Structures are given as structure tokens and as C-alpha cells.
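Trainee: I would like to go through the charged pairs and one helix of this model. Can we take them in turn?

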Amino acid sequence: LVRHPVLRSFVRSCLGARVAMAPGALVIPLGTAVQEAVTLLVADGLLDPRRCLTGFPHPSGGNGHRKSQYASRREALSTSVAQWAVNQQSTPGLDDA
């Protein structure tokens, strides 16, 4: 998604616009390709990295390592969600996600 110029433009214009529509939402990219797209938006300043739960494994049955990946990342993912929730409570004017 981020290596091809047309797809990279699509990520910025479409995905960037969609995440902007829900400014308080937690963004959970499922898998590495989507995580790269979200990372591009963060690098471009289109998405606050505190809203991103990166590292969540793709839940597909094709990802045979998903359970061990989740188990090894569970604590860090939980901490990220807790920090996002605190940011939600301290940011006036944002709707709850």
C-alpha cells in the first residue's frame, strides 16, 4: 500500500479522510500492510500516533502465529488502550468512540 505512488495517494486521501471523521476513535490496524498505511498517516501528520494501537496481529486463520503474537504483545496493547482512554477523558470536545 505505501510502496506504490497511486496506492500511497489513496491511503492519504481515503483512509486519512476517514480517520479524520472520527477524531476520538482508536485506530487498530490489523496486520502489517495496514499498519504501514497507518504509520504513513502518522508520519504525514494526518493521524495522532496516540490513537493507534499498532502491533495487533491480523486475526486471519492464515496467520498461524496470531495467538503467540497476541500473547507476547498483550500487556503493551492493554497499556496503549488505557493511555488512549485517558487521552479521551482529558480532551474536551471529542465524542466518545
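The questions below concern a predicted model.

Trainee: How many salt bridges does a search of the whole structure find?
Mentor: Side chains of opposite charge can pair when their charged atoms come close. To count as a salt bridge, the nitrogen must lie within 4 Å of the carboxyl oxygen. Searched as a whole, the structure gives a count of three.

Trainee: Which residue meets Glu-36 in a salt bridge?
Mentor: The N to O distance for this pair is 3.1 Å. Glu-36 lies in helix H2 and its partner in the segment before helix H1, so the contact ties together parts that are 33 residues apart in sequence. Glu-36 is partly exposed at 30% relative accessible area, while the partner is exposed at 66%. The partner is Arg-3.

Trainee: How many residues apart are Arg-12 and Asp-44?
Mentor: Their side chains form a salt bridge of 2.3 Å, N to O. Arg-12 sits in helix H1 and Asp-44 in the loop between H2 and H3, and the separation is 32 residues.

Trainee: Is Arg-50, the partner of Asp-48, buried or exposed?
Mentor: The closest N and O atoms of this salt bridge are 2.7 Å apart. Asp-48 has 26% relative accessibility and counts as partly exposed. Exposed requires over 50%, and Arg-50 has 53%, so Arg-50 is exposed.

Trainee: Where does helix H3 bend?
Mentor: H3 covers residues 66–90. Its buried residues include Leu-77, Trp-84 and Gln-88. The bend is about 55°, at Arg-74.

Notes: Residues are numbered from 1 along each chain as its sequence is written. This is a predicted model: local features need pLDDT of at least 70, side-chain atom pairs count only at pLDDT 80 or more; totals for chains, interfaces and linings use all residues. Side-chain values use heavy atoms; hydrogens and water are left out. The bend at a residue is the angle between axes fitted to the seven residues ending there and the seven starting there. Helices (H or I, at least four residues) and strands (E, at least two) are DSSP runs, numbered from the N terminus. Buried means under 20% relative accessible area, exposed over 50%, partly exposed in between (1.4 Å probe, protein chains only).
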